[in-house]
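The following exercises train the reading of a protein model. Please examine the sequence and the structure before attempting each task.

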Amino acid sequence: MIGKEDIHPIQGEILRVLLFKPSARFTDLNASGISNDHFTFHVKRLVELALVAKDTNGQYTLTDTGKELANRMNTEEDQMAIEKQAKLGVLIVPVRDNDGVREYLVQQ
């Protein structure tokens, strides 16, 4: 499992940006304004760790693993902190009987 020690603060900032945006271009991810070579290194590292993916349009998105990690990040502090316990998700499935036919409403 990937932990805080595996993620550089710049990589944490990239994850934080993608947590609140469904996709972003390279220039949109570089909020700290570091050099392109340095920033490219960090983006490539996140792709290698399978936390970020690049689509055919050049947009970067979080992978499922990246979403899981980013959801555990404390986004309210200046320093990146990853909580040990992931945030809980709840699934509510309403059921009704419609003239003898059981109907379910499910949302992911």
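**Exercise 1. The two sides of a helix**

Which residues in α3 are buried?

Solution. Some conventions are needed before the first step. This is a predicted model, in which local features need pLDDT of at least 70 and side-chain atom pairs count only at pLDDT 80 or more, while totals for chains, interfaces and linings use all residues. Residues are numbered from 1 along each chain as its sequence is written, and side-chain values use heavy atoms, with hydrogens and water left out.

Step 1. Fix the terms. Buried means under 20% relative accessible area, exposed means over 50%, and partly exposed lies in between (1.4 Å probe, protein chains only). Helices (H or I, at least four residues) and strands (E, at least two) are DSSP runs, numbered from the N terminus.

Step 2. Apply them. The buried residues in α3 are Phe39, His42, Val43 and Leu46. They lie on the same side of α3, because they cover an arc of only 95 degrees around the axis; the arc is that of the directions from the helix axis to the C-beta atoms.

Step 3. Turn to the other side of α3, where Asp37, Phe41, Lys44 and Glu48 are exposed.

Step 4. Identify the cover. The buried residues of α3 are covered by elements including α1, α2 (26-29), β1 (52-54) and β2 (60-62). Contact here means heavy atoms within 4.5 Å.

**Exercise 2. The span of a helix**

Compare the expected span of α3 with the distance between its end C-alpha atoms.

Solution. Step 1. The expected span of a helix is 1.5 Å times one less than its number of residues.

Step 2. For the 13 residues of α3 this gives 18 Å, and the end C-alpha atoms are 18 Å apart, so the two values agree.

**Exercise 3. Salt bridges**

How many salt bridges does a search of the whole structure find? Describe three of the pairs, with the accessibility of each partner.

Solution. Step 1. Side chains of opposite charge can pair when their charged atoms come close. The criterion for a salt bridge is a side-chain nitrogen of Lys or Arg within 4 Å of a carboxyl oxygen of Asp or Glu.

Step 2. The search finds 4 salt bridges.

Step 3. One of them joins Glu13 and Arg16, with 2.8 Å from N to O. Both residues belong to helix α1 (residues 9-20) and stand 3 residues apart, about one turn of the helix. Glu13 is partly exposed, at 27% relative accessible area, whereas Arg16 is buried, at 14%.

Step 4. Another links Arg45 to Glu48, whose closest N and O atoms are 3.6 Å apart. These two residues lie in helix α3 (residues 36-48), again 3 residues apart, about one turn of the helix. Arg45 is partly exposed, with a relative accessible area of 30%, and Glu48 is exposed, at 59%.

Step 5. A further pair is Glu103 and Arg96, with 2.5 Å between the closest N and O atoms. Glu103 counts as partly exposed at 27% relative accessibility, while Arg96 is exposed at 52%.

**Exercise 4. Positive phi angles**

Where are Ala50 and Asp99 found? State the phi value of each residue.

Solution. Step 1. Ala50 is found in the loop between α3 and β1. Its phi is near 60 degrees, a positive value in a residue other than glycine. Ala50 is partly exposed, with a relative accessible area of 39%.

Step 2. Asp99 is found in the loop between β3 (95-98) and β4 (101-104). Phi of Asp99 is positive as well, near 50 degrees. At 76% relative accessibility, Asp99 is exposed.

**Exercise 5. The protein as a whole**

What pattern does the protein follow along the sequence, and what percentage of its residues count as buried?

Solution. Step 1. The protein has 4 helices and 4 strands, arranged along the sequence as α-α-α-β-β-α-β-β.

Step 2. Of its 108 residues, 31% count as buried.

Step 3. Consider contacts between residues at least 6 apart in sequence: 50% of them join residues at least 24 apart.
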